[in-house]
Amino acid sequence: ALAWHFEQCGVPGKAYPYLVRAGRGLLQRSFAAEARDCFDRAVAMEPDAREALTLDDADALLAEVLLLRVEANEHLGIWTTVERDLLRVIGIARDLGDPRLESRAAAALGTRARRGDDLVSAERWHTDALRLAEAAGDAALKVMPLQGLGASRWGQGDLEGARRWWTELLAVGDATGDDRSLGYGANGLGLLALCRGQAAEARRYFEQSAGVFEKLGLQSPLAMARVNLCEIHHLTGNLRRGLELAERTCAVARETNHPLGLARGRCYRALLLVDLGRSVEALEESMAAVDLVRTLGD
């Protein structure tokens, strides 16, 4: 309300910070579309608003807004401006000499490259992000690079390399109390157990990961952990439980407007429906999942 008031009054120097605060609060509650609107409005008025700020403060706040907008767009599956915004943040961070900002942007670029199946670029960006996090002396910044490096190694079939990165990720969580580390690390170790055919151990890790991300309200990794659990139920014949979990994943994704989570849920719902003999529903669900991931470019 305050942001809107100052916008109508033509006072961008005051509307701008209120828009950033409003958008951040909305994003934390999974209102990503509303948050994105706030960030778009903030970026549009930033050239006028920066006249009320010192140069370094204006640059740092712009970088923060761009990173938040990337987070909102990723939740919504809107990729058009993501890479441009992240490269812009890296330029600002280098001008400011701020390794924290640069590390966050590099980690996000690594995640984006991995989703595009460019594992070489993903590993390079995550390596840079980890180096910058260490230079900044901020253990919390290591979470996403370590997760990305483990995922890249796993994607290339290097299970031992993945295990080393994910074990280090869990150590960071134990040392800092950062629950994200525990959630991502547990999911990674669950994948390794699944690859070794250790279903009970994999299920335990995936349930731990899903519990952490549900508590934190992080929808994308929560959907990832839940569909991994669906895979375990699928492979071990617990089809009803797997279907229930896939449907829950879809319901939460619809509620929070998270298309990637919905695509994952529908994919696994289709697989389970096939084994349950409900082939007509399975075909409808799988076709919907294909349409959705094509729209997302995944």
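**S181**

I started with S181, which is buried at a relative accessible area of 0% (buried means under 20%, exposed over 50% and partly exposed in between, with a 1.4 Å probe and protein chains only). I was working on a predicted model, where local features need pLDDT of at least 70 and side-chain atom pairs count only at pLDDT 80 or more, while totals for chains, interfaces and linings use all residues. Residues are numbered from 1 along each chain as its sequence is written, and side-chain values use heavy atoms, with hydrogens and water left out.

S181 sits in helix 10, residues 179-195 (helices are DSSP runs of H or I with at least four residues, strands are runs of E with at least two, and both are numbered from the N terminus). I then listed what S181 is in contact with, skipping neighbours within four places in sequence: V143, L169, L170, V172 and G173 (contact means heavy atoms within 4.5 Å).

**Helix 10 and helix 11**

Next I looked at how helix 10 packs on helix 11, residues 199-216: the axes come within 8 Å and cross at roughly 155° (axes are lines fitted to C-alpha atoms, for helices over the stretch in contact, and angles run from 0 to 180 degrees between N-to-C directions). Helix 10 and helix 11 are therefore roughly antiparallel (over 145 degrees; under 35 is roughly parallel, 65 to 115 roughly perpendicular and the rest oblique). Their crossing is left-handed (the near helix is turned anticlockwise from the far one by less than a right angle; clockwise would be right-handed).

Helix 10 brings residues including Y184, A186 and L191 to this contact, and helix 11 brings, among others, Y205, F206 and V212. I sorted the contact of helix 10 with helix 11 by class and got 12 nonpolar, 5 polar and 4 charged residues (Ala, Val, Leu, Ile, Met, Phe, Trp, Tyr, Cys and Pro count as nonpolar, Asp, Glu, Lys and Arg as charged, and the others, Gly among them, as polar).

**Y16 and the cores**

Which residues touch the most other members of the largest nonpolar core? I found Y16, L27, F39, V65 and L86, in a core of 43 residues (a nonpolar core is a set of buried Ala, Val, Leu, Ile, Met, Phe, Trp, Tyr and Cys residues joined through side-chain atoms within 4.5 Å). Helix 4, residues 55-76, gives the most to this core, with 9 residues. Apart from it lies another core, of 36 residues, with W166, A186, L222 and A246 among them.

I followed Y16 further: beyond four places in sequence, Y16 is in contact with A42, M45, E46, A49, L53, L61, L62 and V65.

**Helix 3 and helix 4**

Here I noted axes within 9 Å and a crossing at roughly 150° for helix 3, residues 32-49, and helix 4. Helix 3 and helix 4 are therefore roughly antiparallel, and their crossing is left-handed. F39 and V43 are among the helix 3 residues that meet helix 4, where V65 and L66 are among the partners. This contact of helix 3 with helix 4 has 12 nonpolar, 2 polar and 4 charged residues.

**Helix 5 and helix 6**

Helix 5 (residues 82-96) and helix 6 (residues 99-115) pack at about 155°, with axes 8 Å apart. I logged the crossing of helix 5 and helix 6 as left-handed. The residues of this contact of helix 5 with helix 6 divide into 12 nonpolar, no polar and 4 charged.

**R269**

My last lookup was R269, in helix 14, residues 259-275. Buried or exposed? At 14% relative accessibility, R269 counts as buried. R269 touches L243, A246, E247, R278, E281 and E285, not counting residues up to four places away in sequence.
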